[in-house]
Structure formats: C-alpha cells, structure tokens
Amino acid sequence: MNQNTKIVCLLFLIIVAFSGCQKERPHPSWNVDLLAPLLIDTVKISDIISDTLIEGNPDNSITFVFDKKLYEVNVDSLVMLPDTLFSWSFSLQYLPNPIPLEPGDTIIEEIFDWPLDFSSFHIEGVELENAVIRSGEIKFEVLDQSEGDLLCVFGINSAVRNEADTFMIAEKVPAGQNIDETYDFSKYRLDLRGSEGIEYNMLNYYLALILHPDEQGTVYLNPADSFAINIYFENIVIDYAKGYFGQNTFGFGPELYDFSLFDDLEISGFSMKDATIFLRIENNYGVEGLFKIIELLAINSSTNETVPLQGEMVDSNLFIDRAVQTGNGLQIIEPFIQTYDFSNSNFTDMIEIMPDKFSYTIKIQSNIFGDSTNHNNFFYYDEPIRVYMEAEVTQGVKIEDMFIEKRETWNGEGVKLDNITEGRLILIFKNGFPFSFDMNLFLENETMETIDTLLYDAFITGAQPGADQKVEEPAETRISIVLTDNLKKSIKEAKYGYYELLINSIDDEHVKIYSDYIMELKINGDFQFIIEQ
Amino acid sequence: MKQLLSILFTIILVKSSFAQIGFYYPYFPYDPAESTEWKWQVSAFANEASNSNAFTNEFFNTANKSKFLDKELINTQIENMNDFVLAGQIRNIGVGAKINSKKNKGNKYLYLGIEHRRYLDIYLDDDLIKLLLLGNKPFAGEILKATDSKYYSIYFNQLKGGMGYRFGTSEANQHFTWNLALNIGQNYDYIEVQNSTLYTDPDGDFLDVTALANTKLSDTVWAEVYQMNGLGLSADVEYSYTKPDDFHFDLNLRNLGFIFWNGDTFIGEIDTNFVFDGVGVDTTSSQNDNLPDDYSYKSLRRILFKDPESSSFTTGLPVSLRFSAGKYFASNQFYAGLNGTYYPFLSAKFMFEIFATWNYKNKLYLTPVVLYSSYGKVNYGLCLGVNIHKKVSIHVGSGYLNSMFNKNELLGKGGFVRLTFIN
C-alpha cells in the first residue's frame with residue numbers, strides 16, 4: 001500500500017466515521033387523545049343587565065332599581081316676558097308754524113322708565129327684579145312722516161351684556177318711510193328695578209330722534225308731520241329670573257314625553273313583583289307650590305297599549321317646597337326633593353306594557369304662601385322641575401325575550417389547530433341564573449360578515465330556584481361542536497366573535513336575582529392531536 | 001442480499017457494543033504493533049449502542065427515522081412496558097494517532113485525537129410514557145403517576161492529547177496511558193420529574209396536576225456537531241497488564257471531567273399542585289391573550305417552568321469505568337474473557353459481556369460475544385478482526401445480532417468499526 005493509497009483510505013474512513021454524527025434530531029410524530037379544559041369564563045348579572053339597573057343587598061339579593069325621569073316642567077310657561085315693550089307716537093299737529101332744523105338737530109331725546117305689561121297674558125302679580133335673556137330678539141319699528149331723514153337712537157339702559165355692553169341701536173329712517181329691524185337680544189341681563197332701583201318689572205330706556213346729519217340743508221317740521229316707534233320682544237327665552245312670580249295656576253299637557261326604561265336592553269316583556277314605587281319630584285325653582293297629576297298615561301307605541309296611572313295620589317295636591325339659591329347670582333341651587341309613595345298604584349302594570357312614551361297632564365299652583373320669599377323667587381332655564389320614577393324590585397322579575405348582542409374582537413391567528421386531526425369542542429354552560437338562554441354564536445371576518453356559525457338556537461337551561469327562591473345548583477348544558485376543517489379555518493381567520501342571547505325567566509315565573517349568581521362558560525377540547533417533535 | 005446490506009449499513013453507521021475501545025482489540029488484545037519499530041499509528045473508529053428494556057426495535061426505528069408512530073405500534077409498545085422504561089444510546093466517533101518516541105521506541109508514545117461523544121439516558125415511569133404516547137383521554141378518571149423519571153442527553157467533542165508508556169519485559173508487560181481532553185459541548189438536556197401526578201376529570205372539566213420537576217438545558221435544543229455551547233476539561237487513564245500467551249487485564253477510567261455550559265441556558269424548577277380548569281378569558285381584551293401562540297418545545301418549557309434562570313452552569317461528564325480480562329489458550333489459538341463497563345451517573349449503569357475468540361494465525365479473529373446490561377436482557381453477536389501485513393487492522397462487530405434485525409425484539413442494536421493504519 002503506497003503512501004497515497006493510505007491517505008485516501010484514511011480520508012475515506014474519517015468521512016464514513018463522521019457521517020454517523022446525527023445532524024438533526026429525529027422528528028417522529030404520533031396522535032394522542034387529549035381531553036382538557038381550554039377556556040373558562042364567567043358571566044355575572046352585571047354582564048347581562050346594566051349595573052345601573054341593579055343594586056346589591058347584604059344578603060346578596062339584587063334589587064332592580066329603576067330611576068328614570070318621567071318628564072320636566074317647561075319653564076316657559078311659568079314666567080314669560082310680554083311681547084310689547086312699548087309703542088310710542090309723536091304728532092306735530094298742534095305746531096303753530098313750521099320749525100326749521102339743521103342736519104344733526106335733535107327733535108326729541110328722552111330717558112325714561114317704562115313697565116313691562118304682564119297682564120297682557122294673564123299672569124298676575126309678577127314682580128321681576130332681574131332676568132337674563134337666554135335667546136330672542138328685539139324688533140324695532142320706526143315710522144317717519146316728515147320731510148327729512150331721521151336718525152333714530154334707541155337704547156335699554158337696564159339691559160347690559162358682558163357687564164358693560166348696554167343695548168343701544170341707531171337707525172336711519174328715510175323721510176316718509178318706515179323701517180323694521182330685528183336685533184339679537186340674547187345674553188342680556190335685565191335690571192327691572194327702574195332708574196331708582198325700587199321698582200319691579202321696570203326697564204329704563206333711552207330714545208332720541210335726530211335730523212339725520214347727512215341731510216343737505218335746512219328741513220322744516222310741519223304740523224302734518226308725525227313719528228311712531230314700536231319696540232317688541234320676539235322669541236324671548238328667559239335663562240334666569242328673580243323676583244316675585246305671583247300666585248298663579250299653570251296647566252301643562254297633555255304632552256308626550258319619550259321614555260326609555262331599559263336603555264341598554266331590548267326586551268319583549270318585563271314584569272315586576274312587589275315593587276316599591278316612588279315618584280320623586282325635584283324642584284329647582286325658588287317657588288313653592290302645589291303639584292297635581294291630572295293624568296299620567298303609559299303608552300307603548302308599538303302595541304298601542306296604554307295604561308293610565310291609578311291610585312290615591314292621582315288628582316291630589318302634592319306640596320313641593322321651593323329650592324334655595326346658595327350663590328350670589330351664581331347658579332348654585334339646593335333643590336327641594338320630595339318622594340311620594342306610589343306603591344299602591346298600578347305603576348307596575350304601566351311598566352309591564354314596556355312604555356316608550358308617557359303622556360302627562362299636570363297642574364301647578366305657584367307661591368301658595370304669597371311673597372314668602374320677599375321677592376326671591378327664581379328659576380334657571382336649565383334647572384326645571386323634574387319628575388322621576390323610582391322603582392325598587394326586591395322580590396322578583398319576569399323577563400321575556402330579553403335580547404342581548406355583543407361583538408368581541410377575536411384573535412384566532414395564534415391558535416394552533418393544524419395539529420388537531422379530528423375532534424370536537426365541548427361547550428359547557430353551568431348556568432346559575434334562573435333564566436334560560438337561547439344563544440347564537442357566529443364568527444365574523446373583518447367586515448363583520450358571518451363566516452361560520454358555532455351555535456344556532458342553542459338552548460341553555462336555566463337553573464331552578466329552591467324553596468327559598470334561591471338557586472342552589474346550576475343547570476348544566478353541554479353542547480358539542482365538531483371541529484371540521486372549515487371550522488378550524490374559520491377560527492383562525494375570524495376577526496370578531498358575535499353572539500346573540502335571548503333571555504327568559506325560567507318557567508315564565510317571577511324570579512329573584514342574587515349577585516352571586518353566575519354562569520360559567522367553559523370550552524373543553526376532546527380531540528386527537530398530532531404530536532410533532 | 002437485503003439482509004447483508006443492512007448488516008453492512010448498520011456496521012458502517014457505527015453501532016457498537018463498546019463505549020470506547022483503544023487501539024488494541026479487546027477480544028484479542030494482541031498488539032500487532034508490539035514491535036517497537038513503528039513510527040505512527042492512525043486509527044479511526046466509531047461505535048454505537050442503543051438499548052431499551054421496553055421499546056422495541058420497530059418503535060425505535062420508526063421514531064428515529066422521524067416517521068409516524070401509528071396506533072398499533074404505540075399500543076404494542078404500551079403492552080410491552082414494565083413499571084419503568086429504560087432507554088439509552090451511547091455513540092463515540094473519532095480519529096486518533098499515536099506517534100512513537102524516537103528515543104524510547106515502543107515504550108513511550110504521544111497520543112493525539114479528536115472524538116465526538118453522545119450519551120442519551122432515559123428512565124421514565126410507564127405512566128409518563130403512556131401519557132406521552134396516548135394522551136390523557138384514555139386515562140380520564142385515573143391518576144397517572146410519574147414518581148421518578150429522568151431524561152439525560154449530552155453530546156460534545158473532545159480534543160485529546162496524552163502519553164502512553166510501556167514497561168516490563170517480554171514475559172509480562174504493562175501499559176499506562178493518560179489523556180487530557182478539551183471538551184467542546186454542543187448540547188445538554190436534563191429533565192427530572194419526581195412524584196408528579198395527573199388526574200383528568202372524566203368529562204375533561206379539569207386537570208389536577210401535581211408537578212415536581214427540574215431542568216437544566218444548554219443553549220440550543222439540538223445543536224449542530226460543530227457548535228460550541230460549553231467548554232470543559234476531562235481526563236482518561238488506562239492501565240493494562242499482559243502476560244503474553246497467558247492472560248490480559250485492563251482497567252480504564254474515562255471522561256473524568258466537566259463542561260461549563262454558558263450562553264442562553266435554561267434552568268428551571270417546578271413544584272406545584274394546581275387544578276387547571278381552563279385559561280381565563282378577560283372579556284375586555286382579546287380572548288387569546290392568555291393562550292400560548294407557540295406550542296414548540298421551547299415555548300412549552302417556558303410555560304411549565306416559571307421564572308427560569310439563564311445562568312451558566314457546570315455539569316460532570318458521564319464517567320465510565322471499564323475493565324477487561326481474558327485468558328489465552330492453546331498457544332494463543334483461543335482467548336476467552338469478559339468485559340464490563342460501569343456508568344455511575346447514568347440510569348443504565350452497567351454492561352457486561354463474555355466472549356471467546358478464535359485466532360487464526362494472528363491474521364483473523366472471530367469472536368462470539370454474549371452481552372448483558374442494565375436493560376435486563378441478553379444479547380449476543382459476533383466480532384471480526386483482520387490484520388493485513390501488520391500494517392492495517394480492521395475490527396468490526398456487533399453484540400446485538402440476535403435482536404437487531406427483529407423488529408419485535410426489545411431495542412438492542414449497535415456495532416463497532418475501527419480501521420487502523422500502522423507505519
């Protein structure tokens with residue numbers, strides 16, 4: 001064996017030997033049968049019913065608390081400003097001779113107080129000291145029956161905006177013509193105490209008629225000449241008023257008021273057992289009075305059902321005291337709040353028709369004790385008289401076809417389902433609620449289109465309450481879903497999980513709810529899984 | 001023909017009954033280079049042994065070839081199992097050279113070599129194997145226990161250098177050699193499970209888990225043979241006494257040393273008892289936030305072992321103590337003896353074999369061997385040695401000929417090959 005042959009043999013040997021070094025780990029694969037819980041979730045009562053509607057009790061029972069505004073009393077009806085501020089005319093018929101006037105000469109200039117005429121719309125005894133205009137206009141009409149153009153200057157000295165901006169306007173009135181202008185009057189604060197500060201309903205004005213400075217030469221006033229000025233309020237809404245509002249009786253309604261008891265729920269039927277019903281009146285006005293419900297009608301627009309309120313409180317005078325203004329000119333109010341027990345009324349019957357509107361007719365008598373506030377009646381536009389319904393249902397509710405839907409984002413991309421060769425998902429509902437559920441569960445793509453249905457019309461049995469009306473054992477429902485290739489694909493591709501629940505009280509009975517009721521939702525996997533090392 | 005090819009293939013792919021053999025042939029430790037007149041010897045060798053007390057050859061082969069383990073195969077395997085499963089593999093591959101001393105020819109020489117070593121040692125509770133192979137569903141309603149299970153795998157390369165000494169007379173001579181090795185570690189996996197149980201609710205509603213386990217892993221799950229994830233040192237020493245034509249005795253200690261593993265290691269412990277009833281879903285967020293998005297080995301170990309450390313650690317090597325002894329008969333025409341190896345740190349702690357060699361004119365050696373080991377089974381095989389003009393020697397053999405080609409036999413396969421050039 002020569003040297004070269006030896007080297008070749010040695011190299012060959014080394015190569016053969018080291019070829020035995022395993023270059024990669026063996027990757028055998030096999031199927032295993034797995035049975036294991038995968039996901040678990042619990043559903044609480046607050047997940048089903050908005051927690052604004054429920055309140056926990058020390059014994060874990062749930063009180064359904066409905067606190068809903070029934071209606072508000074419209075402030076516009078209580079105090080309104082008269083439409084006409086004043087009408088003023090000026091005739092020169094008794095003028096012995098024409099009077100020559102040069103451009104810029106003043107014909108008349110007056111500063112004067114003038115009262116508001118509340119009697120014009122049958123509100124008696126109103127003595128306002130201050131008011132703030134929320135919105136509205138002043139209409140300004142001037143008639144010039146002379147040979148010269150006039151400059152008419154009009155102001156309300158007691159109307160100030162932004163603390164320093166007194167209402168003042170000046171308009172040219174062409175000879176022999178009339179003008180008709182409208183000015184914004186919102187945000188003006190009115191001092192109605194007159195120039196001396198001791199009056200009521202009194203505004204202080206400024207008025208001047210001037211031969212317009214642009215006239216060319218002398219103009220003569222003749223006995224046949226006359227002038228007329230009319231000032232009106234238009235569409236005035238008072239934001240705030242103070243003074244004495246008088247003893248008056250106001251009727252409101254019948255008016256419709258939208259009502260939504262179950263803001264968060266779509267529900268076909270709901271009834272309450274042994275509910276405690278209160279009517280809460282919140283008076284934000286600085287006026288005491290008597291409040292009388294003439295008629296309160298619950299209306300279901302869909303079914304055209306109506307139920308009128310019946311009970312001893314109907315057509316009875318309910319005294320409501322006045323609110324107190326604590327800030328000096330600031331909108332700080334301590335309202336007067338009074339609740340009235342309507343438990344003996346048929347209010348639960350009204351709720352059972354699932355009203356979407358209330359029609360109310362009420363009457364309010366103001367200042368039944370006269371000027372007991374010493375001209376400190378007040379109101380704010382934003383703080384009217386409000387009427388609320390408070391219902392506390394402690395004994396049980398009956399829910400019919402309450403519909404809940406929810407869409408959750410779904411991230412299935414990371415879920416490794418490729419290794420599952422066959423199997424099923426087992427959905428286990430351990431329902432501790434005395435409600436049954438009909439459930440649909442869909443998987444959706446990014447445009448929220450359904451790409452697969454996991455559950456359709458799946459019935460989840462409700463738990464049966466015991467003798468003490470409390471559920472002791474949850475009801476278990478198991479639903480099996482075969483894990484097909486399509487479903488595996490959908491689970492990976494889905495972007496949203498969307499479910500619909502239709503909830504019904506078990507056995508169509510009133511059921512009492514406890515806060516520790518839960519429904520446990522669990523997903524078990526029962527599948528053949530391919531292990532790949 | 002197919003059978004013959006299989007034998008050749010198996011031999012070439014380095015299956016051996018020995019953890020390590022020197023340049024001499026243990027079944028007839030006659031040294032053809034006993035003459036002092038040699039300059040160098042180069043030897044390439046490879047050996048491998050795979051054993052189990054429970055896994056069958058078919059199961060092992062299917063797994064080792066990364067094939068699919070079908071239900072029938074798994075069920076058969078499960079039926080074969082005892083209370084515990086022992087399995088292991090030892091592989092050594094290398095080349096080495098002896099360079100004779102110029103001044104003291106034949107009595108002193110330098111050794112240089114490079115070797116690759118792999119040890120796989122598995123001791124698993126049968127319940128753990130059942131769980132791994134069948135899943136938990138077949139055992140729903142039962143408690144599966146893994147009282148004491150270990151998985152140990154290490155592979156590393158060694159750069160060796162040392163000296164050999166021969167002294168004595170022609171009546172009796174002794175050899176003493178020592179080697180020091182620089183160990184270059186590729187991979188170390190150690191997982192120990194103790195007193196762990198799993199109970200699966202019959203409906204799968206919950207899993208009751210008691211887990212007591214610890215693990216130490218080196219940087220890469222399965223490093224390439226050229227990678228370096230740790231460094232260490234070790235030593236081999238060997239002593240032999242030979243009385244020509246009479247008897248031979250040999251004792252060696254190998255891999256007395258360590259590897260210091262560094263890099264992105266993983267050290268974790270779990271000691272917990274919990275009932276798992278599903279991953280909680282936070283309805284306000286994505287429902288899969290709590291689910292692992294990766295079920296790889298690396299990801300799962302992160303889930304199992306909370307708060308793992310990633311600090312360097314040192315492990316000892318799988319030390320082996322080997323002895324060999326035999327007697328020559330009939331003017332060296334026969335040699336019979338025994339070999340034994342003890343692995344104090346492995347679960348499969350020993351291997352023992354007896355053999356008898358027929359020597360044909362120092363050119364051909366034919367050796368039947370009978371083998372017994374910690375795996376609790378007897379294997380036998382045949383080894384062959386050929387000397388060509390005292391320049392080339394070839395040694396091949398296997399102690400597993402009774403089991404290697406029977407797929408239904410318990411795993412027992414291996415062999416060795418060595419080629420030595422003498423100049």
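How many of the 8 residues of helix α2 (residues 57-64) of chain B are buried? In this predicted model, in which local features need pLDDT of at least 70, side-chain atom pairs count only at pLDDT 80 or more, and totals for chains, interfaces and linings use all residues, side-chain values use heavy atoms, with hydrogens and water left out. Residues are numbered from 1 along each chain as its sequence is written, and chains are lettered from A and ligands numbered from 1 in the order in which they are written.

Helix α2 of chain B is mostly covered, with 6 of its 8 residues buried (under 20% relative accessible area, against over 50% for exposed and in between for partly exposed, with a 1.4 Å probe and protein chains only). The buried positions are B:Asn57, B:Phe59, B:Phe60, B:Asn61, B:Thr62 and B:Ala63. They pack against β1 (40-56), β2 (68-69), α3 (71-80), β3 (84-100), α4 (126-134) and β19 (410-422) of chain B. After α2(B) comes B:Ser66, with a positive phi near 60°.

Chain B contains 5 helices and 19 strands, taken as DSSP runs numbered from the N terminus (helices H or I, at least four residues; strands E, at least two). Of its 423 residues, 52% count as buried. Among contacts (heavy atoms within 4.5 Å) in chain B with a separation of 6 or more, 70% involve residues 24 or more positions apart. The accessible surface of chain B, from the Shrake-Rupley method with a 1.4 Å probe and only the protein chains shown counted as cover for residues, is about 18700 Å², and 61% of this area belongs to carbon and sulfur atoms.

Confidence was examined next. The mean pLDDT (the predictor's confidence in each residue, from 0 to 100) of chain B is 84, and 86% of its residues reach 70 or more. Over residues 1-22 of chain B the pLDDT stays under 50, and the model has 64 contacts beyond four places in sequence for this stretch. Residues 283-295 of chain B also have pLDDT below 50, with 24 contacts beyond near neighbours in sequence. For the complex, the predictor gives an ipTM of 0.79 and a pTM of 0.64.

In chain A, an open sheet of 4 strands has the order β26-β31-β28-β29 with antiparallel pairing; strands pair if DSSP finds at least two bridges between them. Strands β26 (402-409) and β29 (450-460) of chain A stand at the edges with a single partner strand each, so one side of each lacks a neighbour in the sheet. From one strand to the next the twist averages 15°. Strand β28 (residues 435-444) of chain A is joined to the antiparallel β29(A) by 7 bridges, and A:Leu441 stands opposite A:Leu455 in β29(A). Helix α4 (residues 485-493) of chain A lies across β28 and β29 of chain A, at about 105° to β29(A); axes are lines fitted to C-alpha atoms, for helices over the stretch in contact, and angles run from 0 to 180 degrees between N-to-C directions.

The largest nonpolar core (buried Ala, Val, Leu, Ile, Met, Phe, Trp, Tyr and Cys residues joined through side-chain atoms within 4.5 Å) has 171 residues, and A:Phe185 and A:Phe291 have the most contacts inside it. Beyond four places in sequence, the contacts of A:Phe291 include A:Tyr71, A:Leu318 and A:Ile320. Strand β19 (residues 317-320) of chain A has A:Leu318 and A:Ile320 on its covered face, and A:Asn317 and A:Phe319 on the uncovered one.
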